[in-house]
Amino acid sequence: MNYDTTKLKDILLRENYVTKEDIEKAQKEAGADGLINYLLKKEIITNDLLGQAIAEALNIPYANLNSNFPSREQVLKIPEDVAKEFRAVLFSEDEKGVVVATDNPTAKGLSETLSKIFKQKTTIAYGLPEDIDKAFTHYRKALTVRFTKILEKQEHIAPEILDEIFKDAFSYQASDIHFEPQGTEVVVRLRIDGVLQEAGRISKEHYENILNRIKVTSGLRIDEHFAAQDGSLHYKKDNLEFDLRTSIVPTIEGEKVVLRILSSYVRGLALADLGFSEDDQSIFEVTAKKPFGMILVAGPTGSGKTTTLYSLLRMLNQPRVNITTIEDPVEYKLKGINQIQVSLQTNLTFAKGLRSIVRQDPDIILVGEIRDKETAEIAVNAALTGHLLLSTFHANDAATAIPRLLDMGIQPFLLSSTLELIVAQRLVRQICKHCRHSVEVHSKDIITKHKALKDFFSEKTITLYQGKGCDNCGGTGYKGRTAVFELIRMTKEMQELILKNPSRTEVWQLARKQSAKGMFEDGIEKVKNGVTTLEELERVVEMSQD
């Protein structure tokens with residue numbers, strides 16, 4: 001599709017989407033052809049603002065498919081062959097006519113073809129290419145059906161099956177892909193919004209080739225079948241491009257594979273997007289602006305700890321600041337930040353890498369995880385000697401992190417002098433915005449089931465929310481995830497308590513007196529505000545932490 005780049009640039013300037021300095025710098029660094037990609041990559045404009053500007057340059061309306069994602073019924077009103085030829089998706093329909101979104105509005109024959117399909121007034125609007133592709137997922141058959149068609153051709157079986165799996169995983173924003181050998185079959189499951197869902201099945205006879213392809217592209221040994229292997233691969237085909245982390249372990253049924261999708265959207269998340277309350281976000285930001293000290297984010301694997309720290313790094317990343325990370329693995333590459341990958345082959349451990357980093361004159365250090373006493377001691381000393389140190393820590397809640405660090409052998413006086421903030425978190429599924437509806441319930445019915453809720457619901461009847469289930473959420477009623485948090489700040493009283501080698505209960509009791517809220521309380525606020533459901537909160541967070 002062609003649009004007037006000069007006109008688009010004028011629109012971006014006129015609407016104050018960008019400044020003259022932004023344009024000049026973009027043209028200097030990327031040239032005229034790379035102007036738009038540069039502005040997007042540097043996050044000077046968003047995709048939606050770009051879509052609006054392109055639509056204005058083309059003198060047509062903008063269809064925001066991202067905010068108003070079309071249903072399966074809408075999409076299927078345009079035959080698949082026509083939709084894909086003209087890149088067209090039905091955006092809206094009423095008695096006045098229809099609006100069709102496309103990223104190629106100047107395509108020859110588009111208007112004539114659409115008028116034959118709808119036989120009423122048809123308005124053509126501009127839609128972003130990635131949103132059009134996402135809408136096209138409604139045309140897809142089930143994975144098992146697509147597998148059958150690929151097997152019938154009997155050629156390129158492994159790459160084509162993986163292509164189909166990757167397309168679905170990316171479209172549904174899955175975080176992990178599981179290949180699980182079971183008897184004569186291999187079950188393919190996707191973790192979507194934290195919950196595993198079966199996507200299809202592959203026969204064992206074809207799995208060997210698929211497994212070998214995964215190993216080769218991940219840089220792993222294909223002749224090793226009885227040892228765990230870890231690697232990574234980069235996938236790129238058509239408009240789809242992302243990185244995956246590979247983990248293979250031998251089971252009694254065969255080799256199980258888990259591929260973790262490293263979603264690029266995480267790079268653009270700000271703290272405000274993560275689910276922090278205004279008060280908690282303010283505490284987090286103020287603490288992070290201190291010149292030294294230690295901030296820990298606690299939680300189990302898959303609770304979003306890395307995402308939270310990366311969002312914080314984005315806020316802290318300035319040309320005048322030297323930021324260095326050591327991670328295992330480096331999940332997301334951040335521009336302007338020095339990132340080091342832990343390597344067993346070269347004996348580069350967290351502890352050894354951290355020792356070297358301290359000699360590199362950093363202002364801010366991120367340690368992917370504090371796993372042992374040696375790493376903990378070096379981290380504490382780095383925080384004590386003028387560095388802001390960020391790290392993750394495996395603990396069930398914020399209060400447990402302190403006695404666990406002390407049990408590792410960290411001296412209480414060192415920990416009390418360096419620790420500034422502990423954040424604990426879990427991920428909960430969000431109610432689908434497209435099918436969310438309110439439900440009036442009697443508070444006594446809820447309290448009868450969960451006595452811990454009596455302090456939160458004093459009214460006789462309360463309004464809660466849930467999802468009915470629709471095409472956009474795959475009938476689950478949930479779409480996307482957010483986090484519930486709890487924060488413990490280091491006050492003078494907390495520092496004095498740490499010197500006494502306290503238990504988890506003693507830490508939390510003091511934090512409570514100082515107005516700390518638990519993850520459960522933070523979750524209840526999100527339940528009341530219609531972000532998530534009580535059932536989802538109960539699934540993820542312990543009902544009472546006192």
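Which residue's side chain meets that of Arg-539 in a salt bridge? In this predicted model, the partner is Glu-536, with 2.7 Å from N to O. Both residues sit in helix 22, which covers residues 534-540, and because they are three residues apart there, about one helical turn separates them. Their surroundings are worth a look too. Glu-536 has a relative accessibility of just 1%, so Glu-536 counts as buried. Arg-539 has a relative accessible area of 44%, so this end of the pair is partly exposed.

Let's stay with salt bridges for a moment. Elsewhere in the chain, several of them share partners, and this joins Arg-140, Arg-146, Glu-164, Lys-167 and Asp-168 into one network. Zoom in on one link: Asp-168 bridges to Arg-140, and their closest N and O atoms are 2.7 Å apart. This pair ties together distant parts of the chain, with the two positions 28 residues apart in numbering. Asp-168 belongs to helix 10 (residues 157-171), while Arg-140 is found in the loop between helix 8 (129-135) and helix 9 (143-153). As for exposure, Asp-168 comes out at 5% relative accessibility and so is counted as buried. Arg-140, at 24%, is counted as partly exposed.

Further along, Glu-369 and Arg-371 make another salt bridge, and here the closest N and O atoms are 3.2 Å apart. Glu-369 has a relative accessibility of 17%; buried means under 20%, so Glu-369 falls in that class. Arg-371, with 43%, is partly exposed. If you went through the whole model this way, you would end up with 29 salt bridges.

Now for the sheet. Seven strands make up an open sheet with mixed pairing, and if you walk across it you meet them in the order 12-11-13-14-10-15-18. At the edges are strand 12 (338-341) and strand 18 (478-489), each of which pairs on one side only. From one strand to the next, the twist averages 20°.

Within that sheet, pick out strand 10 (residues 293-298) and strand 14 (residues 388-393). They run parallel and pair over six bridges. To find your place along them, look for Ile-295, which stands opposite Leu-390 in strand 14.

Which helices go with these strands? One of them is helix 12 (residues 278-288), which lies across strand 10, strand 14, strand 15 (419-431) and strand 18. The direction of helix 12 is at about 140° to strand 15. Helix 14 (residues 350-358) packs on the sheet as well, where it touches strand 11 (323-327), strand 12, strand 13 (364-367) and strand 14. Compare the directions of helix 14 and strand 11 and you get an angle of about 170°.

Finally, head back to helix 1, which covers residues 5-14 and includes Leu-13. What does Leu-13 touch, once its neighbours within four places in sequence are left aside? The contacts are Val-18, Thr-19, Lys-20 and Ile-23. Take Ile-23 from that list: Leu-13 and Ile-23 are ten residues apart in sequence, and their C-alpha atoms are 8.5 Å apart in space. Even with these contacts, Leu-13 keeps a relative accessible area of 25%, so Leu-13 is partly exposed.

How values were computed: Residues numbered from 1 in each chain as written. Predicted model: local features only at pLDDT ≥ 70, side-chain atom pairs only at ≥ 80, totals over all residues. Heavy atoms only, no water. Salt bridge = Lys/Arg side-chain N within 4 Å of Asp/Glu carboxyl O. Helix = DSSP H or I, 4+ residues; strand = E, 2+ residues; numbered from the N terminus. Buried < 20%, exposed > 50% of the residue type's maximum accessible area, 1.4 Å probe, protein only. Pairing = 2+ DSSP bridges. Axes fitted to C-alpha atoms, helices over the stretch in contact; angles between N-to-C directions. Contact = heavy atoms within 4.5 Å.
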